[in-house]
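Here is a short briefing for a newcomer. Please keep the sequence and the model side by side while reading.

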Amino acid sequence: MNAVTLISDGIFLENGNKIVTKESVVNHSRSQEFDETKAAKETMAYRIMMAHQTSEGDESLRIKFDALTSHDITYVGIIQTAIASGLDRFPIPYVLTNCHNSLAAVGGTINEDDHVFGLSAVKRFGGIYVPPHLAVIHQYMRETMAGCGKMILGSDSHTRYGALGTMAIGEGGPELVKQLLGRTYDIQRPKVVAIYLTGKPRHGIGPQDVALAIEKAVFKNGFVKNKIMEFVGPGIHNLSMDFRNGIDVMTTETTCLTTIWCTDDTTKEFLTIHGRGSDYKLLQPGNIAYYDGLVKVELDKVESMIAMPFHPSNVYTIKELNEGGQDLLRQIEKNAVDQLDNKELRLMLPEKYHENKLHVDQGIIVGCSGGLYENIMAAANIVKGKGVGQERFAFSVYPSSQPIYLELMRNGALGDLMEAGAIIRSAFCGPCFGAGDTPNNGGLSARHATRNFPNREGSKPGQGQISSVALMDARSIAATAINKGALTAATEVDYDDNIASYHFNDKPYVNKVYQGYGDANTAEELVYGPSIKAWPKIEALTDNILLKVAAYIDDPVTTTDELIPSGETSSYRSNPYALSEFALSRKVPEYVGRAKTVRDWEKSRQDGVINLELQNAYQMINDALNLGKSLDDLSKSTLVASMIYANKPGDGSAREQAASCQRVLGGGANIALEYATKRYRSNVINWGMLPFVTSETDSRKLAVGDYVFVPNVRAILLSDSDDFKAYVINNGKKEEITLHLGYLSNEEKSIIAKGCLINYYADSKSNNDID
């Protein structure tokens with residue numbers, strides 16, 4: 001039975017619950033009231049955006065947020081960039097959490113050195129510091145910062161607090177820098193899609209099941225890409241707050257921009273329990289609201305789901321997976337291996353099928369999606385009085401905050417889990433991005449986590465090792481655990497659905513979190529560890545640009561994890577040079593060497609020296625295009641940079657390093673058919689690279705080693721035109737292609753022209769133009 005239905009045409013929602021199609025408006029008794037333009041302003045999303053709009057009109061938005069948040073993979077680079085751009089204080093609450101590298105054991109002291117820097121920064125600039133193991137980033141924000149009608153910006157892609165009435169957006173670090181400097185988040189007003197919930201989940205169904213059902217329906221067709229998902233409908237009232245939060249955080253995997261939910265007494269109760277009842281207000285659409293599409297989710301039809309390697313949209317019901325047997329698993333494995341560069345690797349999925357069930361090696365409940373109170377309580381109810389066995393199967397549980405941990409300890413749930421053989425960990429995001437609980441080679445881990453991309457669990461296919469992750473709800477993971485790893489839907493298990501009431505104890509935060517917002521101390525010295533390095537000098541864009549193709553990736557989608565691997569490499573996040581060595585290391589190992597060669601040419605050019613290889617390149621361009629210019633003239637007017645081609649880059653993480661590493665290596669552009677997410681394209685822009693798109697026909701004219709010469713690139717960028725004629729040249733090869741940039745604000749154009757965001761703000765500062 002299909003639980004999710006899509007309506008691609010625009011629809012009206014009457015009184016918050018009645019769906020009215022455009023075709024049926026004619027026969028409606030109040031047909032004159034159904035005006036699309038007017039009704040589009042009756043969504044919750046529109047009202048919140050306009051409450052945060054700082055310029056005229058409602059199409060080109062210039063938004064200022066109520067709060068910011070970052071974790072310890074991103075905050076050092078953000079603060080360093082902001083300092084270089086003129087930062088003197090944090091103008092709004094900025095929360096730094098330490099949940100990503102708190103357990104990583106790579107690089108000696110560098111992880112804790114960054115934490116020390118973070119604490120010194122919040123003391124100097126007036127921020128909030130959450131020490132390691134105390135809370136994962138998004139649970140802390142839910143418990144202490146999210147509120148109805150707010151907007152929050154985070155440097156993590158899963159920044160989603162829509163279920164609490166907060167429109168939260170995950171972006172790359174430079175977008176947070178803009179907010180720290182009093183600037184705005186600039187975007188064309190996004191479309192809004194209604195997520196219409198009906199019914200009530202059945203016994204054994206959890207938030208991950210619902211999230212995966214939605215993901216399966218909307219990811220591949222781009223149904224909600226860069227749009228706002230607005231959750232409405234009578235089914236919302238049948239969901240607890242944890243259930244809503246668990247669905248909401250997974251909407252990142254749909255590639256939507258953000259979310260917002262109707263609020264009610266359940267929302268109010270959550271905020272009141274956490275001492276913030278005043279942050280509640282009723283949010284609901286107007287009497288007649290217009291949406292650009294609708295996703296209908298019948299909660300009572302959702303089954304126990306599983307997302308198989310290597311994407312959260314690769315979804316099956318647990319029942320069909322077990323019934324499909326080895327034949328289905330062979331096909332799943334083939335499709336997964338096709339995404340790897342080493343096609344000789346094996347996931348060993350068919351071999352894990354016996355006794356009519358797939359068997360997994362691990363069960364992990366973790367992070368901002370899995371480690372919620374109700375998820376862990378349900379798992380405890382399922383395993384109570386039972387055991388997970390003495391064989392290979394391992395079961396780990398990570399409560400997402402110390403207050404949740406305390407409550408589970410107080411009510412005995414942790415005891416039930418531990419007696420069953422579960423290992424209880426502290427609040428940590430590691431298993432979500434490859435820095436904890438890495439399975440054995442050929443192992444399969446079932447996780448209530450956010451992603452299951454290649455290498456996301458920590459294996460290294462480039463070194464001949466591969467393991468993989470299947471995403472499941474905590475309830476089915478617990479059901480699988482008591483069956484010693486045999487894949488089991490929670491709907492097949494009899495257990496107590498009742499969840500003990502939650503009591504929030506804020507003492508761990510009161511006694512340990514540094515609360516310094518509004519109390520900046522400019523006398524506080526920033527503490528720099530030896531691994532924290534400044535950004536290299538980046539040149540402004542010249543009249544022309546000569547790009548050399550350093551990587552050509554024709555996969556359907558290229559994730560940020562492939563552009564810059566997560567896991568242990570993230571420990572080098574505060575050293576741009578060291579981290580850049582890992583760029584595309586698992587996808588195109590030759591990329592770094594190729595890019596460095598071009599970077600060396602550009603450094604020589606800046607020093608007034610044209611080395612022999614660059615001379616040859618210039619001469620090739622001169623001859624092929626009959627430019628008739630001297631090498632000296634070409635050198636002065638033509639920046640030299642490497643570039644990456646990918647069909648659809650940027651799915652996944654908001655980590656700016658996917659772009660900044662390319663820039664550190666001398667990258668000047670990406671060329672793509674389209675960008676998977678706005679946040680990756682924004683990162684490319686903010687690091688001064690050109691986010692070109694081209695046609696599929698022209699993309700086939702490119703190859704590794706080719707030169708792409710774009711004449712008059714600066715003038716066209718700063719003009720009203722968006723047509724860039726470029727020439728692909730290489731040893732007798734000469735092809736003309738057309739490139740486009742799409743919509744860019746004037747500020748974004750200036751950032752690229754200046755070379756990067758740091759240059760742009762440094763120039764603005766020298767001209768006294770900082771707000």
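A residue counts as buried under 20% relative accessible area, as exposed over 50%, and as partly exposed in between. Tyr 552, at 25% relative accessibility, is therefore partly exposed. The model is predicted. The points below go from the whole chain to single residues.

**Overall build**

- The protein chain holds 28 helices and 34 strands.
- Its 771 residues would give a compact globule a radius of gyration near 28 Å, and the 26 Å found for the chain agrees with that.
- Along the principal axes, the C-alpha atoms fill a box of roughly 80 × 60 × 60 Å.
- Of the 771 residues, 64% are buried.
- Take the contacts between residues at least 6 apart in sequence: 76% of them join residues at least 24 apart.

**Surface and charge**

- The protein chain exposes about 26,900 Å².
- Carbon and sulfur atoms supply 46% of that exposed area.
- There are 78 positive and 93 negative side chains.
- The centres of the positive and negative sets lie 1 Å apart.

**Aromatic pairs**

- The structure contains 17 aromatic pairs.
- One of them joins Tyr 140 and Tyr 509, edge-to-face, with 5.0 Å centre to centre and 70° between the planes.
- Tyr 140 sits in helix 5 (residues 137-144) and Tyr 509 in helix 17 (residues 507-512), so this pair ties together parts that are 369 residues apart in sequence.
- Tyr 140 counts as buried because its relative accessibility is 1%.
- Tyr 509 is buried too, with a relative accessible area of 6%.
- The rings of Tyr 552 and Tyr 645 are stacked, because their centres are 4.5 Å apart and their planes meet at 20°.
- Tyr 552 belongs to strand 26 (residues 544-553) and Tyr 645 to strand 28 (residues 638-646); the pair links distant parts of the chain, 93 residues apart.
- Tyr 645 is buried at 0% relative accessible area, whereas Tyr 552 is partly exposed at 25%.
- Phe 12, Phe 34 and Tyr 290 form one aromatic cluster.

**Backbone features**

- The peptide bond from Pro 309 to Phe 310 is cis, with omega near 5°.
- Phe 310 lies in the loop between strand 16 (305-307) and strand 17 (315-317).
- Asn 15 has a positive phi near 55°, though this residue is not a glycine.
- The loop between strand 2 (11-14) and strand 3 (18-21) holds Asn 15.
- With a relative accessible area of 48%, Asn 15 is partly exposed.
- Asn 626 is another non-glycine residue with a positive phi, about 50°.
- Asn 626 is in the loop between helix 21 (612-625) and helix 22 (631-637).
- Asn 626 counts as exposed, at 65% relative accessibility.
- Gly 755 comes just after helix 27 and has a positive phi of about 115°.

**Two helices and what they bury**

- In helix 27 (residues 746-754), the buried residues are Glu 747, Glu 748, Lys 749, Ile 751, Ile 752 and Ala 753.
- In helix 2 (residues 44-51), the buried residues are Met 44, Ala 45, Tyr 46, Ile 48 and Met 49.
- The buried residues of helix 2 pack against several strands, among them strand 4 (60-63), strand 8 (151-154) and strand 9 (167-170).
- Strand 11 (192-198), strand 12 (228-232) and strand 13 (258-261) are also packing partners of these helix 2 residues.

**Around Asp 361**

- Asp 361 is found in the loop between strand 19 (357-358) and strand 20 (362-365).
- Asp 361 is buried, with a relative accessible area of 15%.
- Leaving aside residues up to four places away in sequence, Asp 361 touches Lys 352, Arg 392, Phe 393, Ala 394, Asn 440, Gly 442, Gly 443 and Leu 444.
- Ala 481 is 120 residues from Asp 361 along the chain, and their C-alpha atoms are separated by 9.7 Å.

Methods:
Residues are numbered from 1 along each chain as its sequence is written. Side-chain values use heavy atoms; hydrogens and water are left out. Helices (H or I, at least four residues) and strands (E, at least two) are DSSP runs, numbered from the N terminus. The radius of gyration is taken over C-alpha atoms; the globule rule is 2.2 Å times the number of residues to the power 0.38. Buried means under 20% relative accessible area, exposed over 50%, partly exposed in between (1.4 Å probe, protein chains only). Contact means heavy atoms within 4.5 Å. Accessible areas come from the Shrake-Rupley method with a 1.4 Å probe; for residues, only the protein chains shown count as cover. Lys and Arg count as positive and Asp and Glu as negative; His and the chain ends are not counted. The place of a charge is taken as NZ of Lys, CZ of Arg, CG of Asp or CD of Glu. Rings of Phe, Tyr and Trp (its six-membered ring) pair if their centres lie within 6.5 Å; planes under 30 degrees apart count as stacked, over 60 as edge-to-face and the rest as tilted.
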